[in-house]
Amino acid sequence: MNELIKHARELLESGEVAAVIGYRQVSAKRTKPVIITDPEETSALVFNEYCLNNLAVYLTKARIKLLCKKNDKVLKLAITAKPCDVHSIVALIQENQIDRDTIHIISFNCHGVAKDFGFDFNGDNLASKCITCETHKPLYYDKLFGEVMETPQASDTAIARIKEIESMPHNERFEFFKGEFDKCIKCYACRAVCPLCYCQRCITDKTIPCWIETSSHQRGNFAWNVIRAFHLSGRCTGCGECDRACPADIPLSLINRKMSMEAKNLFSFVSGRSLETPTLVGSYNEKDNDELFM
Amino acid sequence: MDKQNWEPKIAAFVCNWCTYTGADLAGTSRLKYPANCKLIRVMCSGSIDPVFILKAFERGADGVLVSGCHPNDCHYNAGNFHARRRWDFFHELMDFIGIEKGRLQFSWISASEGKKFADVITKVTEDIKAMGPFTAYKKMNSEFTIDFPEEPFEILKPVFQENSDKETV
Amino acid sequence: MSLCYQCGKCSAGCPVRYYMDIAPNKVVRLIQLGYYEEALKSETPWLCAGCLTCSVRCPKEFDLAKFMDAVREIAIEKGVEVKQENILKFHKAFLDQIKNHGRSYEVGLVAEYKMKTLDLFQDVDSAPGMFLKGKLDLLPHNIKNRKEIKSIFKKTSGKK
Amino acid sequence: MKIGVFICHCGENISSTVDCPRVADVCRGYSGVEYSVDYKYMCSDPGQNLIKNAIHKYDLDAIVVGSCSPHMHERTFRNAAVSAGINPFMVEIANLREHCSWVHDDIEASSRKAIELMRMAIEKVKRDKPLTKIKVPVTKRVLVIGGGIAGIQAALDTANAGYEVVLVEKEPSIGGHMSQLSETFPTLDCSQCILTPRMVEVHQHPKIKLMTYSEVERVEGFIGNFKVTIKKKARHINEDKCSGCGMCITKCPIKKKAYNSFEEDLAFRPAVYVPFPQAIPNIPVIDETVCTYYKTGKCGMCLKVCDREAIDFAQKDTMHVADVGAIIVATGFKLYNIEKKSGDSKYKGYGEYGYGKYRDVIDGLQFERIASASGPTSGEIKRPSDGRVPKKIAFIQCVGSRDDSKGISYCSKICCMYTAKQAMLYRHKVHDGEAYIFYMDIRAGGKMYEEFVRRAIEEDKVKYIRGRVSRIYEEDGKYIVKGEDTLAGMPVEIDADMVVLATAMIPQDGAESLARTIGIPYDKYGFFNEAHPKLRPVESTTAGVFLAGACQSPKDIPESVSMASAAASKAIILFANDTLEREPVVAKVNEDICAGCFYCMKVCPYGAVEVKDVKDMNGIVYKEVAYINQGVCQGCGTCTATCLSKSIELAGFNNEEIFAEIAAL
Amino acid sequence: MKYGYFPGCSLTSSAKEYDISLRKVIDKLGISFDEINDWSCCGATSAHVTNHKLSTALAMRNIMLAEQQGLDNIIAPCAACYNRLIISQNEIGKHSGIRKETEDLLSVKFKKDIKVFNILELFLKSGINKIIENRKRELSELKAACYYGCLLVRPAAITKFDDAEEPESMEKIIEATGAGAVDWNYKTECCGAAHSIARRDIVVDLSKKILDDAITHGANVMVVACPMCHTNLDMRQRAMKRKYPDHKEFPVLYLTELIGLSLGMDEKELGIDLHYTNFKYADTLLNNSAKG
């Protein structure tokens, strides 16, 4: 921990970075995001199993401009990111939202986080994404901390859920999702918390013409959730923040997970894993699956 | 409503260069096919947004067909390749959330495939007839009515026939 | 089959072309046109040495050697009279050896072949030499699992 | 908004299964419809007048015509609307014939469908916006790539029409393959005699800028406005100073180190050379790879003998930029001449013919050089190996061509003719010689072509044998050609003194990379694709890029020349106007809400999307957004569907219009 | 590297010396073999020319045995065996129907992808340097005509190791032994082995042509890698002599024998005395110097 603080302090003091986005502890099993610009405040920085937030969501063009422009000079922005958060950063770089050269990634060898604040960190309370995580060491970073530790064992309930849904007949499935989507109160917390929902104006806010009905009724709820899932298909890096944010407990990341499985299945692609691989949306292969087409 | 006399409503999004022209050829060849399918012409299959399909269902379609040029024959070189990727995804998503694959069908029909166009329309219409009206979606539709073109004359009954008891604007 | 455009490159390169009654490409032509009987009766498939020269050089990548194998197989199945009957007899004798011993047994092979063809004096010049040099074993090399070989023969000889 | 609805009966084509008056009646009831009428033939003059008069009388803003396919008469009705003062894009066509009356039998069903189709079109037209055609300026200069006969013809035709031409040739001289040929079929006139005057004309033409020993490096821009970067390779000779006296060539001590590629490697050339005596321009090139000066820094013999001080060892490649309005690609062909070890080439070699192993097994172009009066043997037919006159010669057709196993399925088209010509030339020159031709089919379509082949057989006694050769091997200085006469059903063996292989025509080296540079599609062999195989054979699918000659597919000289003239006339048509008009169906970005993810840039097949900086009032960039170049955009709309924030709209097919159509389903 | 060994019938009888010399040579070069237990005939050529199913089953039985024995690869020194094994394996890989049929016949499932190598590949892969290192005898006077025969390099699409028309791999091995190789025309021409017994007339004609071409091109020994070819070219020379009285005896060696010679083994050891034609290394030298 001291190393992290020392490093952040050095970065800020040397003037290399304008700010450090990180976590601070608020109670025993709870952290909060913090943006630090004063070297003196770096002592608040922590990294542990309760650093749940995906801080990549703060990497927006406007915020970077606001934080990093210092007297005609553009400084770097440092961010503490779990290996899985780095995937989001990679995706953002690939979608031209940030520039790799202006981001200083401080990452950690990670052995998982708790599913939510207040839970003990153990196999029973492991966050869903950590169960199948394959990147305990970040794929891209500028500074790496932390020791390699074993991840607690847990069973993959999400995949079992997907299998269960897939085994239902279509009409039941439709009713199931209709019911789930119907809980939506259109608070758009899922959108706000998603690092990849960076659009200045969301499709659902476009009213001339009206793309998605925003009134709170089944049809509009359905359309919004389907299009949200589709817009993240092949882009979602699986951070699961939408699930945590949703006040109505709609299984958002379940659909995202299913679509990520399809991306892997159909196109052997996993989002946010490599800066060199072209993004799935926006590229094509002449040999893509053609079975669909008569 | 009498299921025997029920006729499905099908929307087809087709590209201007291949499938629309293929449909023209089906016409000049006087090939016969069911009258349930109405074509919406776009420039390229690459420009069809998934929202179009949701909108079609929202407007009471029982099925949707998307069709464009064969791979490598796109008038715009690669539009259909991007479309194919998009549909590969969207189709899986729709299937997962419970919309049967037959409701949403895809094809490549070239300008010279008038016969294929007629066959595809016939097949899609029959498939959807066999599946019956898309009541699940229509139920959602009925919950909150939307404005759609006026129906001044008797011959065109309201679009949402199944729920004609509900009030429509 | 419809791949063949009758360029004749197969016949041109065939090492045993001079001994054949009709050119290999003509066998293909006959089959293409449906004259199966004429094709099956021809000596050509039997004289084919299976050297694959035609298959390797075919501009249409048609595997003529394999095609000839198939013609022979059909000819046997249909019981068409084989003009080059010695060749067939040899093949049969050879397969009998394998069937019985699992490996080729040359003394038995030659003996059976000669019994079948009554061509007793061919190779009299080489056989004694072979014995002297210890190349012909008087006893066959039997493999252990002859049952399996026999069953393979039995299963594959069944009518299709 | 006042909408006029016009339902056409199309004689009985529509009205036989669609109740047209009823359709017109129903449409009259839709909101916004001011006038609705049905008529026998809307596309006829009276029909069009009906539309025009209605527009005037009812002061219509938009019209919907229910008729045949928009591919048939959209333009007709748009023109009618324009002449009555309505924007042409305020016209919608509902396809009541091809998509309705012709394909359905039931009158009730097709009438209902017709009404629904009309309803969709009416809803769309309500959302239509007036559009104006896009005007693009035209640079009236053409770039011709390739200085063979096709390039020469295209350059001359364009230049004679009064436009400037930049002719780029990668070799030191123009002339191409035609300058290598001895005599041409079917007239047997001397190739160089008819070509050389054209070459000189190109050289002297005031409108043609000739750039030899140069290659196209980069092409930017779009129709009417291309910006081309051309690399001029270092000749190491100052073109302005050189008088073409040839002293350097005569005195160069390196005589036998480099094969003469113009002579198809049948002879050597010095380190400083012109490809052939009639070369245009007649300026030599120093070959760095063999010149002693570049190896040891010594020699400099040419430097000493050149009294005009034209030798410049330090010369470097230079880049030149040209603005052109059209590009004519005429890069031509080369012969399939892969030796037995084909390496990573996509074509396999011909080991069975000993090609590349036996010196007297040569290809068609090599025979042309041997038969040419200006060639290495001064026109005498001699074997490359020992210089003997071959008394028996075998020609083999379809070597490479029509041979799937070697990677080429197509027919090279010219081999039948040139083989007949070569056999004829041989018989004319070697009276006691025998000529055999192994062929599969004779394809002699063309004026006087079949007669020419018959002449070879009947008058010159060339022996044609139908069958592909399987193997060639050397025995006692003869080449045993093993074939089969498939007509006689007999094996054939010929002990020839020389064998000529009519190898396939394949695209010139680098054709594929050039196609990518220009942005034109090509087939799996590397031949450039035409926009339409029948109706647009000289245009590429990229607007403003035209094709001429054998770069598109195998062609003989008259075909290449006519294609070149056609391509030139396409360029001239383009230059007839100062500005270029094009359909306004293009995509446009809403810069206010563009998030700058640039997925549109990734999916655009035409590279029409650019990065645009949005500046605040102090001139400081505060945002990068996508910008679509309207000249380049072809209007496919793939970007509109890919855009996640829906910041792009395709004019003429915008989302509001399509939603309206869906709503009216 | 350890190799599975499939000798094939000929190597146990008419081509004993091939087997003997091969085993001696690899022993010297430090390559080890693991013979397939209870191998059976590959079915060449009689099986595949008359019964396709049978031929595939016979060939695959041996591959199956190798798999069961835990081998990764098989060396098949006989060109015909090699050809049958590799073609059957390829067919099974391509056509799931044939695969299933054969699997049912043999009541097994093929799991592993066993590589089948011919003798040339064996030496190219792990022999050339060792041959050069262990060279004991000067062989430069030998001018070998390398005879591949028809089955060793065909079909090139499946064998994938050398050019089908102008192969050069055997020459490379020959050069490693220090002997010279001549360029000649009949490298891959067929000797007619399939008709060795039933149509001896054909075989004699074809073999004679091959030998003559080698002589014309200045060879003083022929090197083969196939027992069938050897039988035809070596044993049939007597019949040849009867048909063509001016035929001169021409020595035909197995590739392994030549390698053995260069490694310093003597003729008897390698079984060269089992040939019908005489090959005495000393004689050849003598002949050459007499000519020269």
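Start in chain E of this predicted model and select strands 5, 6, 7 and 8, which form an open sheet in the order 6-5-7-8 with parallel pairing. Strand 6 (180–181) and strand 8 (252–254) of chain E stand at the edges of this sheet, and because each has a single partner strand, one side of each is left without a neighbour in the sheet. To look at one pairing in detail, keep strand 5 (residues 143–147) and strand 6 of chain E on screen, since these two pair in the parallel sense over 2 bridges. Within this pairing, label Ala144(E), which stands opposite Ala181(E) in strand 6 of chain E.

Next, show chain D beside chain E and pick out the residues where the two chains touch, a contact that takes 5 residues from chain D and 4 residues from chain E. If you colour the chain D side of this contact by class, you will find 1 nonpolar, 1 polar and 3 charged residues.

Now display chain D by itself, where the secondary structure comes to 18 helices and 34 strands. Chain D has 665 residues, of which 54% count as buried. Among the contacts in chain D with a separation of 6 or more, 70% are accounted for by residues 24 or more positions apart.

Bring chain B into view with chain D and select their contact, to which chain B gives 40 residues and chain D gives 44 residues. On the chain B side, helix 1 (19–28), strand 2 (37–42), helix 2 (50–58) and helix 3 (79–96) each supply at least two residues, and helix 1 of chain B gives the most, with 6 residues. Coloured by class, the side of chain B that touches chain D has 23 nonpolar, 8 polar and 9 charged residues.

Stay with chain B and move to Ser110(B), which has its place in the loop between strand 4 and helix 4 (114–131) of chain B. Is Ser110(B) buried, exposed or partly exposed? With 18 other C-beta atoms within 10 Å, Ser110(B) is partly exposed, because a residue counts as buried from 20 such atoms upward and as exposed at 12 or fewer. Leaving aside residues up to four places away in sequence, Ser110(B) touches Cys18(B), Gly22(B), Cys69(B), His70(B) and Asp73(B). Draw a distance from Ser110(B) to Gly68(B) as well, and the C-alpha atoms will be 7.4 Å apart, although the two residues are 42 residues apart in sequence.

Before leaving chain B, colour it by confidence: the mean pLDDT of the chain is 80, and 80% of its residues reach 70 or more. In chain B, the confidence is highest in strand 4 (residues 104–108), at a mean of 93, and lowest in helix 5 (residues 135–143), at 76. Then select residues 148–169 of chain B, over which pLDDT stays under 50, and for which the model has 39 contacts beyond four places in sequence. Where pLDDT is low, the predicted coordinates should not be read in detail.

Finish in chain A by selecting helix 6 (residues 170–182) and helix 8 (residues 218–232), whose axes come within 9 Å and cross at roughly 100 degrees. Helix 6 and helix 8 of chain A are therefore roughly perpendicular to each other. Show the side chains of Lys178(A), Phe181(A) and Asp182(A) on helix 6, together with Gln218(A), Asn221(A), Phe222(A) and Asn225(A) on helix 8, which make the contact. These residues of the contact divide into 2 nonpolar, 3 polar and 2 charged.

Definitions and conventions: Residues are numbered from 1 along each chain as its sequence is written. Chains are lettered from A and ligands numbered from 1 in the order in which they are written. Two residues are in contact if their C-beta atoms, placed from the backbone, lie within 7 Å. Ala, Val, Leu, Ile, Met, Phe, Trp, Tyr, Cys and Pro count as nonpolar, Asp, Glu, Lys and Arg as charged, and the others, Gly among them, as polar. pLDDT is the predictor's confidence in each residue, from 0 to 100. Helices (H or I, at least four residues) and strands (E, at least two) are DSSP runs, numbered from the N terminus. Two strands pair if DSSP finds at least two bridges between them. Axes are lines fitted to C-alpha atoms, for helices over the stretch in contact, and angles run from 0 to 180 degrees between N-to-C directions. Angles under 35 degrees count as roughly parallel, over 145 as roughly antiparallel, 65 to 115 as roughly perpendicular and the rest as oblique.
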